[in-house]
Amino acid sequence: MLSFDQGDLRFNVRAVGVIFNQNQVLLHKLLSDRFWALPGGRVEFLEPARDTIKREMQEELGIDVRVEKLLWVVENFFKHNDKSYHEVGFYFLISSHSHPDLYTQAKAFKGIENDKHLIFQWHHVEALEDIELQPKFLQTSLKSLPQVTEYLVHYG
């Protein structure tokens with residue numbers, strides 16, 4: 001995977017999926033974390049980011065997704081678990097028409113991530129300010145998606 005450490009610094013390349021169910025967006029978190037995030041994962045060597053999000057959704061939820069378009073390319077700078085991160089994220093709008101049961105989940109449900117416990121849940125877009133969502137720009141940006149791909153630098 002494209003993740004490199006140098007002391008207490010870490011660089012990641014991540015692919016992220018934005019999937020909607022009417023006015024709700026699918027978020028996930030590790031059971032041990034306090035914050036929610038969009039699903040996704042780190043890009044593997046020689047793997048296009050659009051293929052990464054397909055693989056990650058298959059691994060974590062057992063679903064096939066279609067990539068609709070690239071919304072954002074984000075350089076995200078943040079601290080987590082005593083490390084300072086520089087992460088480049090490719091945020092894709094995705095859909096899954098072959099798995100309608102995904103859209104009927106009313107409560108939190110479990111995902112699969114090796115030995116980690118992932119929780120997935122649909123969240124109303126209008127209530128994202130009420131939860132801890134990372135990166136923070138998503139609290140407002142998910143309400144109005146860009147028409148063309150945007151490049152963002154986020155410090156959080």
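# Reading a predicted fold, feature by feature

Modeller: Let us start with glutamate 47, which counts as buried at 18% relative accessibility. Please keep in mind as we go that this is a predicted model.

Colleague: Happy to. How do I read a label such as buried, and what is the cut-off for buried?

Modeller: The label rests on relative accessible area: buried means under 20%, exposed means over 50%, and partly exposed lies in between. Glutamate 47 has 18%, so the residue counts as buried. Serine 141 is also at 18% relative accessibility and counts as buried; you will find serine 141 in helix H2, residues 138-141.

Colleague: Now salt bridges. What is the general idea, and with which residue does glutamate 47 form a salt bridge?

Modeller: In general, side chains of opposite charge can pair when their charged atoms come close. Here, glutamate 47 forms a salt bridge with arginine 55, and their closest N and O atoms are 2.8 Å apart. Arginine 55 also forms a salt bridge with glutamate 59, where the closest N and O atoms are 3.3 Å apart. Glutamate 59 and arginine 55 are 4 residues apart in helix H1, so about one helical turn separates them. Glutamate 59 has a relative accessible area of 40%, which makes this residue partly exposed.

Colleague: Which residues are linked in the network of salt bridges, and how many salt bridges does the whole structure have?

Modeller: The network links Glu47, Arg55, Glu56 and Glu59. A search of the whole structure finds 8 salt bridges. One of them joins glutamate 129 to lysine 143, with closest N and O atoms 2.5 Å apart. Glutamate 129 sits in the loop between E9 and H2, while lysine 143 sits in the loop between H2 and strand E10 (150-155), so the pair ties together parts that are 14 residues apart in sequence. As for exposure, glutamate 129 is partly exposed at 38% relative accessibility, and lysine 143 is partly exposed at 35%.

Colleague: On to sheets. What is the strand order in the open sheet of 4 strands, and which strands stand at the edges?

Modeller: The useful habit is to write down the order of the strands and then look at the ends. In this open sheet the order is E3-E4-E9-E8, with antiparallel pairing. Strand E3 (20-21) and strand E8 (109-113) are at the edges; each has a single partner strand, so one side of each is left without a neighbour in the sheet. E3 is joined to strand E4 (residues 24-30) by 2 bridges, the two running antiparallel. Phenylalanine 20 has valine 25 in E4 as its bridge partner.

Colleague: And which strands does helix H1 lie across?

Modeller: Helix H1 (residues 49-61) lies across E4, E8 and strand E9 (116-124), and runs at about 120° to E8.

Colleague: How do I read a strand that pairs with more than one other? In which sense does E6 pair with E7, and in which sense with E10?

Modeller: Take one partner at a time and note the direction. E6 and E7 pair in the antiparallel sense over 13 bridges, whereas E6 and E10 pair in the parallel sense over 6 bridges. Valine 73 lets you see both partners: this residue stands opposite phenylalanine 90 in E7, and tyrosine 151 is its bridge partner in E10.

Colleague: What about backbone angles? Which residue in the turn of the E6 and E7 hairpin has a positive phi?

Modeller: Asparagine 81, at about 50°, in a hairpin with 2 residues between E6 and E7. Aspartate 82 has a positive phi of about 65° although it is not a glycine, and its relative accessible area of 74% makes aspartate 82 exposed. In the loop between E3 and E4 lies glutamine 22, with phi near 55°, again positive in a residue other than glycine. Glutamine 22 is exposed, at 76% relative accessible area.

Colleague: Last ones: which residues does the cis peptide bond join, and which residues make the nonpolar surface patch of about 410 Å²?

Modeller: For the peptide bond, check omega: about -10° for the cis bond joining glutamine 134 and proline 135. Proline 135 is in the loop between E9 and H2. The patch is made by Phe4, Phe45 and Leu46. Phenylalanine 4 belongs to strand E1 (residues 3-6) and, at 43% relative accessibility, counts as partly exposed.

Notes:
Residues numbered from 1 in each chain as written. Predicted model: local features only at pLDDT ≥ 70, side-chain atom pairs only at ≥ 80, totals over all residues. Heavy atoms only, no water. Pairing = 2+ DSSP bridges. Contact = heavy atoms within 4.5 Å. Axes fitted to C-alpha atoms, helices over the stretch in contact; angles between N-to-C directions. Patch = residues over 30% accessible without salt bridge, like charges linked within 9 Å, V, L, I, M, F, W, Y side chains within 5 Å. Areas by Shrake-Rupley, 256 points an atom, 1.4 Å probe, with all protein chains shown as cover. Salt bridge = Lys/Arg side-chain N within 4 Å of Asp/Glu carboxyl O. Buried < 20%, exposed > 50% of the residue type's maximum accessible area, 1.4 Å probe, protein only.
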